[in-house]
Structure formats: C-alpha cells, structure tokens
Amino acid sequence: MENFRKVRSEEAPAGGGAEGGGPGSGPFADLAPGAVHMRVKEGSKIRNLMAFATASMAQPATRAIVFSGCGRATTKTVTCAEILKRRLAGLHQVTRLRYRSVREVWQSLPPGPTQGQTPGEPAASLSVLKNVPGLAILLSKDALDPRQPGYQPPNPHPGPSSPPAAPTSKRSLGEPAAGEGSAKRSQPEPGAADEDQTA
C-alpha cells in the first residue's frame with residue numbers, strides 16, 4: 001500500500017444478519033425516547049465526554065445513556081462506561097458487540113518517470129472492504145431484563161475495587177519487622193575503628 005493513498009472511507013450498506021435490526025436502529029431498538037446517545041471517537045477527550053454524560057444522567061428525566069464506539073475507540077468507550085458506573089451507583093448495564101462494514105477507496109500515487117504508462121492515463125484505484133468491530137454499552141437507572149446477553153447487574157459495592165490494606169504493627173526504626181528475623185549487618189562501634197588501627 002506504499003504506492004497508494006486513501007481517497008475516502010464510507011460505511012458500506014449493512015447485510016441482513018446485523019445485530020440490532022436495520023440501519024439507523026442501533027443495537028438497542030427498545031430505548032426510551034429520552035435516552036442519551038454518546039458516540040465515542042478515537043480523538044474524543046474522556047473528560048469532555050464524562051462532563052456531558054454526568055450532567056445528562058443527573059437530570060431526573062434521563063433514565064438511560066448509550067456509549068458507542070468502533071475501531072480504535074472501543075477501549076475509550078469501555079473506559080467512559082466504567083467511570084460513569086463508579087460515579088453513579090446502581091446502573092444496570094447491557095453490552096453489545098457488532099461489526100460495521102467500511103469501504104475504503106485507495107488511489108495509486110502519480111508515477112514517476114517510468115515506462116509503460118502514458119501521462120493522460122487515469123490512476124488505478126483499489127477498493128477494500130473492512131469489518132470494524134464496534135461496541136455499544138447501555139447504562140440504565142431502571143432495571144433491565146437479566147436474561148438478555150451482555151447484562152451486568154449494578155455493582156453492590158461502589159467505589160474503588162482494591163483489596164483492603166493489611167494491618168501494620170507499630171515498631172521502632174531499629175527493630176526488625178515481623179518475619180524479617182534479626183539478620184542485620186554488624187557495624188563496628190565508633191571507637192573500635194581507632195583501636196584496631198593502633199593495635
């Protein structure tokens with residue numbers, strides 16, 4: 001592909017077996033009309049997405065939010081959903097994985113002084129069809145059907161998921177910690193060095 005450059009990229013028409021129904025319906029067809037849809041892109045700033053999402057979910061009329069991203073934005077999509085779940089306790093989650101078909105059109109670079117191609121001849125083009133993975137995460141304040149695939153119940157213990165720290169015992173600086181033993185490097189007394197040199 002070193003002799004080609006990308007001219008355009010367009011979404012190819014979806015085939016019959018796509019999850020979520022026809023084009024434009026999204027993976028969650030039965031959403032309430034007031035649901036917020038956040039499209040996460042590769043260059044999106046997480047703090048901007050989270051500021052809008054948090055403000056939207058703080059309103060009582062907003063009952064659900066959907067984060068969706070594809071390609072390189074999938075990790076950022078998961079990060080946004082996890083941050084919102086920590087900020088707002090009691091959110092039910094449904095995750096859906098899908099694939100988008102993207103058609104890329106590449107055109108050959110203008111050739112240098114080579115033999116065989118006349119200057120007026122059109123450049124060769126190449127069309128590539130890619131299946132790009134996408135992720136859609138629904139977070140809802142209302143209870144969802146736990147039998148549907150990709151469902152996760154609310155976290156019963158919101159907050160950091162780090163294990164509690166082990167209790168430490170107080171000790172003075174010179175004492176070894178429990179289990180360390182008494183293996184210390186012996187150091188000579190300050191006056192003992194002078195005695196060794198005189199002897």
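The protein's secondary structure comes to three helices and six strands. Walk along from the N terminus and the elements go β-β-α-β-α-β-β-β-α. Keep in mind that this is a predicted model.

How confident is the predictor here? The mean pLDDT of the protein is 78, and 65% of its residues reach 70 or more. Over residues 16-24, though, the pLDDT is below 50, and this stretch has five contacts in the model beyond near neighbours in sequence. Where pLDDT is low, the predicted coordinates should not be read in detail.

Now for the overall picture. Out of 199 residues in the protein, 22% are buried. About 14400 Å² of the protein is exposed, with carbon and sulfur atoms supplying 54% of that area. If you take contacts between residues at least 6 apart in sequence, 82% of them join residues at least 24 apart.

**Inside the protein**

Which residues have the most contacts inside the largest nonpolar core? They are Met38, Ile65, Phe67, Leu84 and Leu139, in a core of 17 residues. Five elements each give two or more residues to this core: β2 (36-39), α1 (46-58), β3 (64-70), α2 (74-87) and β5 (125-140). Of these, α1 gives the most, with four residues.

Met38 is a handy place to start looking around. Leaving out residues up to four places away in sequence, Met38 touches Leu49, Phe52 and Ala53, along with Ile65, Val66, Phe67 and Ser68. There is also a second, separate core, made of seven residues, with Phe28, Val94, Leu138 and Tyr151 among them.

What about the cysteines? The structure holds zero disulfides. Cys80 counts as buried because its relative accessibility is 0%, under the 20% cut-off. Cys70, at 23% relative accessibility, counts as partly exposed.

**Thr54 and Arg87**

Next, a pair worth finding in the viewer. Thr54 sits in helix α1, while Arg87 belongs to helix α2. In sequence the two are 33 residues apart, and their C-alpha atoms are 8.1 Å apart in space. What joins their side chains? A polar contact does, at 3.2 Å.

Each partner has other company too. The side chain of Thr54 reaches the backbone oxygen of Met50 at 2.7 Å. Setting aside neighbours within four places in sequence, Thr54 is in contact with Leu84 as well as Arg87. Leu84 is one of the residues with the most contacts inside the largest nonpolar core. Arg87, with residues up to four places away left out, touches Met50 and Thr54. Thr54 can also be placed relative to Ile83: the two are 29 residues apart along the chain, and their C-alpha atoms are separated by 9.8 Å.

Is Thr54 buried or exposed? Neither, quite: Thr54 is partly exposed, because its relative accessible area of 23% falls between the 20% and 50% cut-offs.

**Two serines and a glutamate**

Ser56 shares a helix label with Thr54, as Ser56 is placed in helix α1. With a relative accessibility of 7%, Ser56 counts as buried. Beyond its neighbours within four places in sequence, Ser56 is in contact with Val36 and Thr62.

Ser140 has its place in strand β5. What does its side chain reach? The side chain of Ser140 reaches the backbone nitrogen of Asp142 at 3.1 Å. Ser140 also touches Arg63, Ala64, Gly90, Leu91 and His92, not counting residues up to four places away in sequence. Its relative accessible area is 4%, so Ser140 is buried.

Glu2 takes us to the segment before β1 (4-11). At a relative accessible area of 72%, Glu2 is exposed. Glu2 and Leu109 are 107 residues apart in sequence, yet 8.8 Å apart in space from C-alpha to C-alpha.

Here are the accessibility values in one place.

| Residue | Relative accessible area | State |
|---|---|---|
| Cys80 | 0% | buried |
| Ser140 | 4% | buried |
| Ser56 | 7% | buried |
| Cys70 | 23% | partly exposed |
| Thr54 | 23% | partly exposed |
| Glu2 | 72% | exposed |

How values were computed:
Residues are numbered from 1 along each chain as its sequence is written. This is a predicted model: local features need pLDDT of at least 70, side-chain atom pairs count only at pLDDT 80 or more; totals for chains, interfaces and linings use all residues. Side-chain values use heavy atoms; hydrogens and water are left out. A nonpolar core is a set of buried Ala, Val, Leu, Ile, Met, Phe, Trp, Tyr and Cys residues joined through side-chain atoms within 4.5 Å. Buried means under 20% relative accessible area, exposed over 50%, partly exposed in between (1.4 Å probe, protein chains only). Contact means heavy atoms within 4.5 Å. A disulfide is a pair of cysteine sulfur atoms within 2.5 Å. A polar contact is a pair of N or O atoms within 3.5 Å; within protein, one must be able to donate a hydrogen and the other to accept it, and residues adjacent in sequence count only if both atoms are side-chain atoms. Accessible areas come from the Shrake-Rupley method with a 1.4 Å probe; for residues, only the protein chains shown count as cover. pLDDT is the predictor's confidence in each residue, from 0 to 100.
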